[in-house]
Amino acid sequence: QVQFVESGGGLVQPGGSLRLSCAASGSFFRRSVMGWYRQPPDKQREWVATITTGGSRSYSDSVKGRFTISRDNAKNTMYLQMNSLKPEDTAVYYCKANYFGEYWGQGTQVTVSS
């Protein structure tokens, strides 16, 4: 069974940093393309970043240069380092795995406010 535990969200001031974690159960993780998505208040869910099984990374234009996606296959965990946070980064952040289907985490709230 595919399960995720997301953590690291919270309240941060503009310009601050947070690191999100997505810990996965099972050996599927290292064979999965992993991604982060977010859903701002009253908006649709949007793609943030992707990391392939080989470690190739891609980012949405809105976070490029500020966010870094990474993975540790030994720990079955994916990360999102978020720097220079802006109020418009406020959202529920979700991790997703693509492995013969899509599997989503439960989400973690990130609020950027002074």
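Biologist: What pattern does the protein follow when read along the sequence?

Modeller: In this predicted model, the pattern is β-β-β-β-β-β-β-β-β-β-β. That fits the count of 11 strands and zero helices.

Biologist: How do you know whether the radius of gyration agrees with that of a compact globule?

Modeller: We set it against the value for a chain of this length. With 114 residues, a compact globule would have a radius of gyration near 13 Å, and the protein has 13 Å, so the two agree. Along its principal axes, the C-alpha trace spans about 40 × 25 × 25 Å.

Biologist: Why is N76 called buried or exposed?

Modeller: Buried means under 20% relative accessible area. N76 has 16% relative accessibility, so it counts as buried. You will find N76 in the loop between strand 7 and strand 8. Its phi is near 50°, a positive value in a residue other than glycine.

Biologist: And F100, what makes it buried or exposed?

Modeller: Exposed means over 50%. The relative accessible area of F100 is 77%, so F100 is exposed. F100 sits in the loop between strand 9 and strand 10, and its phi, near 55°, is likewise a positive value in a residue other than glycine.

Biologist: Why is Y103 called partly exposed?

Modeller: Partly exposed covers what lies between under 20% and over 50%. Y103 has a relative accessible area of 29%, so it is partly exposed. This residue belongs to strand 10, residues 102-104.

Biologist: Which residues does Y103 touch, not counting residues up to four places away in sequence?

Modeller: Y103 touches V2, F4, C95, K96 and A97. As for S7, it is 96 residues from Y103 in sequence and 17 Å away in space, C-alpha to C-alpha.

Biologist: What makes up the largest nonpolar core?

Modeller: That core has 27 residues, and those with the most contacts inside it are W36, M78, L80, M82 and Y93. At least two residues of this core come from each of several strands, including strand 3 (18-24), strand 4 (33-39) and strand 8 (77-82). Across the whole protein, 43% of the 114 residues count as buried.

Biologist: Which residues does M82 touch, leaving out those up to four places away in sequence?

Modeller: M82 touches G16, S17, L18, L20, R66, F67, Y93 and V110.

Biologist: How many side chains are positive and how many negative?

Modeller: There are 13 positive and 8 negative side chains, and the centres of the two sets lie 8 Å apart.

Terms used:
Residues numbered from 1 in each chain as written. Predicted model: local features only at pLDDT ≥ 70, side-chain atom pairs only at ≥ 80, totals over all residues. Heavy atoms only, no water. Helix = DSSP H or I, 4+ residues; strand = E, 2+ residues; numbered from the N terminus. Rg over C-alpha atoms; globule rule 2.2 N^0.38 Å. Buried < 20%, exposed > 50% of the residue type's maximum accessible area, 1.4 Å probe, protein only. Lys, Arg positive; Asp, Glu negative; His and termini not counted. Charge placed at Lys NZ, Arg CZ, Asp CG, Glu CD. Core = buried A, V, L, I, M, F, W, Y, C linked by side-chain atoms within 4.5 Å. Contact = heavy atoms within 4.5 Å.
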